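Me: I'd like to go through this one quickly. Can you show it first?

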Amino acid sequence: MSSSSAWAIEQQSRKAFADLKVVCLAGGVGGAKLADGLARALAGDQLTIIGNTGDDFTHCGLQICPDLDTVMYTLAGVANVETGWGRQGESWTTLAEMTRLGGPDWFRLGDLDLATHLTRTHWLAQGKTLTAATAHLCAQLDVHPALLPMSDQPAPTLLETDEGVLPFQDWFVRRRWQPIVQRVILPADVKATPLVMRALSRADIVILAPSNPFVSIDPILNVYPIREMVADLPQLVVAVSPIIAGTAVKGPAAKMMPEMGFANSAAAIADYYADLIDLFVYDQKDAGILLANDPHQLCTNTLMTSPAERERLARDILQTAVQLLQETS
Ligand code: FO1
């Protein structure tokens, strides 16, 4: 007699998604939260997260990978939920001393977070790929789904703004994303890793997480041949709107959209991904919106205010996607 214990129910629901292979393209906070929800709903080997590395830069000689770290820390349960980056329970002793010494303190590195950057930089200097270094860090933090950098090559995102062309972190942190963005400049001929391509070729479902479409998802799709594989392979492609009732839950998406000629709406996000997606997920606050290309739709509560909410949204999406897969198989 199977008990109705939470554990038993969890195992039942995992059976519901048994042998499903899911790939999630994720950037900052929204992407990390959905990735965490998916990790709670699926067994570790069913989920692969492809992380944006367009925000990466070298700072004080250290290789910083903000979006990889936000996903890794979130799945490890050690993320600073207030800031959306770095570690919870952080101390700032080193940064305070850097300030006293007149060092570059504009990019705030906490003491615990510094250990990640030092360790990653050490391994890269030893010749490890970013993929291998990320896998080691995840293993040490007991993070089981595969977190794959979109590429092992540098792929810096630049922003053409009314103050000239800015490197990402200069725009985002030093200038607090206030310069008006005319264009996002993505690097040419960056290649996906073999592990990324293998995960995409095996995926039943690919999810574009509720991350900024321009500076979190596009940089991943821009890596060859990720966009082509997402568009051409038989898997079911889902996009989750990062815009709820005209605002972004966090970050510059809502400010950037009008600056770049897009309406500030979930419908505009659906249009933006129209040639890629089979299912569009948006918040109940946007119920009744009209979507030009009429993808399958899931209108639900997409605001993830707790780990349980992250898992509920992930299950909502997976259940809807599995139904669509069964209808089309
Ligand atoms: N974002 C800020 O707005 N201010 C910071 O001082 C800052 C420091 C920081 C340190 C490590 C890290 O991994 C991320 C950090 N971020 C900071 C966020 C970073 O700019 C990301 O690129 C954004 O979160 C966008 O994804």
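Me: What radius of gyration does the protein chain have, and what would a compact globule have?
Reply: The protein chain has 19 Å, which agrees with the value near 20 Å for a compact globule of 329 residues. That radius is taken over C-alpha atoms, and the globule rule is 2.2 Å times the number of residues to the power 0.38. This is a predicted model: local features need pLDDT of at least 70, side-chain atom pairs count only at pLDDT 80 or more, and totals for chains, interfaces and linings use all residues. Residues are numbered from 1 along each chain as its sequence is written, and side-chain values use heavy atoms, without hydrogens and water.

Me: What does the C-alpha trace span along its principal axes?
Reply: About 65 × 50 × 35 Å.

Me: How many helices and strands?
Reply: The protein chain has 13 helices and 14 strands. These are DSSP runs: H or I with at least four residues for helices, E with at least two for strands.

Me: How much of the protein chain counts as buried?
Reply: 51% of its 329 residues. Buried means under 20% relative accessible area with a 1.4 Å probe, protein chains only.

Me: And what share of contacts comes from residues 24 or more positions apart?
Reply: They make up 67% of the contacts with a separation of 6 or more. A contact is heavy atoms within 4.5 Å.

Me: Switching topic. Which residues line the largest cavity?
Reply: Asn80, Trp85, Gly86, Arg87, Glu90, Trp92, Arg108, Gly110 and Asp113. A cavity is a set of points on a 1 Å grid over the protein atoms alone where a 1.4 Å probe fits but cannot get out, and lining residues have an atom within 4 Å of a point.

Definitions and conventions
On a 1 Å grid over the protein atoms alone, a cavity is a set of points where a 1.4 Å probe fits but cannot get out, and a pocket is an open set with protein on both sides within 12 Å along at least five of seven lines; lining residues have an atom within 4 Å of a point. Buried means under 20% relative accessible area, exposed over 50%, partly exposed in between (1.4 Å probe, protein chains only).
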